Amino acid sequence: MQEQSAQHIEEYIAQLESSNLSSGYRALMEYLMSLRIHFINKYSEEFTVGTFHPGLMNLSYFPIKTKTLSHHNLKFGLIFNHEKIQFEIWLLGRNKQIQEKYWNLLRQTTNKYLRSTNAHEAIIQHVLIAEPDFKQLNLLTQRIDDETVKFMADVSGLLISTKRL
């Protein structure tokens, strides 16, 4: 295991030295933080945007909480999936017990959103933008904004209509 870890670290260092990997990663993190600020500025009355979590080069995210869902210990996570290079939104519980409770409650419902296959990861996972165009950041931000708000409204409506809230 130690030998394999050392090999992975050496490969990582080689990638950093031979490419613009660190510059690209920094630019991506700056965009994600600006996306968070966009949501804070535009929706401060509607919901609360939490701290940005850069992750471990697998997922970066920030939470979004609505008043209604917060009362039930639920929140949304706006995710950038580094492995799939796509933006996603997840419905999450405050802890694993809450998450598992709502995952089980929603298992019987039929809806257009993908229920997570793992209750400990998320309740619902949905791809917002499968192939983001980072050359047009304003347009990308607007698309993420539109799809996020639509998903949040749909899922909140689903929870209310199925009497899960």
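These legends walk through four close-up views of a predicted model.

**View 1. Helix 2 meets helix 5.**
Let us begin with a pair of helices. Helix 2 covers residues 21-43 and helix 5 covers residues 137-161. Their axes come within 11 Å and cross at roughly 55°, so the two helices are oblique to each other. The crossing is right-handed. On the helix 2 side, the contact is made by Tyr31, Leu35, His38, Phe39, Lys42 and Tyr43. Helix 5 contributes Leu137, Leu140, Thr141, Gln142, Ile144, Asp145, Thr148 and Val149. Sorted by character, the residues of this contact are eight nonpolar, four polar and two charged.

**View 2. Asp145 and its partners from helix 2.**
Now we zoom in on one residue of that contact. Asp145 belongs to helix 5. Is Asp145 buried or exposed? Its relative accessible area is 1%, and because buried means under 20%, Asp145 counts as buried. The side chains of Asp145 and His38 are joined by a polar contact of 2.6 Å. Setting aside neighbours within four places in sequence, Asp145 is in contact with His38, Phe39, Lys42 and Tyr43. These four residues are also among those that helix 2 brings to the contact with helix 5.

**View 3. Thr141, also in helix 5.**
Another residue of the helix contact is shown here. Thr141 has a relative accessible area of 14% and is buried. Which residues does Thr141 touch, leaving aside its neighbours within four places in sequence? They are Tyr31, Leu35 and His38. His38 therefore appears in two views: it is in contact with Thr141 and, by the same cut-off of heavy atoms within 4.5 Å, with Asp145.

**View 4. Gly77 in strand 3.**
The last view leaves the helices for a strand. Strand 3 covers residues 74-81, and Gly77 lies in it. How accessible is Gly77? Its relative accessibility is 0%, so Gly77 counts as buried. Not counting residues up to four places away in sequence, Gly77 touches Phe62, Pro63, Glu88, Ile89, Trp90 and Leu92. For a sense of distance, look from Gly77 to Leu105, which is 28 residues apart from it along the chain. The C-alpha atoms of Gly77 and Leu105 are separated by 19 Å.

Terms used: Residues numbered from 1 in each chain as written. Predicted model: local features only at pLDDT ≥ 70, side-chain atom pairs only at ≥ 80, totals over all residues. Heavy atoms only, no water. Axes fitted to C-alpha atoms, helices over the stretch in contact; angles between N-to-C directions. Parallel < 35°, antiparallel > 145°, perpendicular 65-115°, else oblique. Left-handed = near helix turned anticlockwise from the far one by under 90°. Nonpolar A, V, L, I, M, F, W, Y, C, P; charged D, E, K, R; others polar. Buried < 20%, exposed > 50% of the residue type's maximum accessible area, 1.4 Å probe, protein only. Polar contact = N/O pair within 3.5 Å; in protein donor to acceptor, adjacent residues only side chain to side chain.
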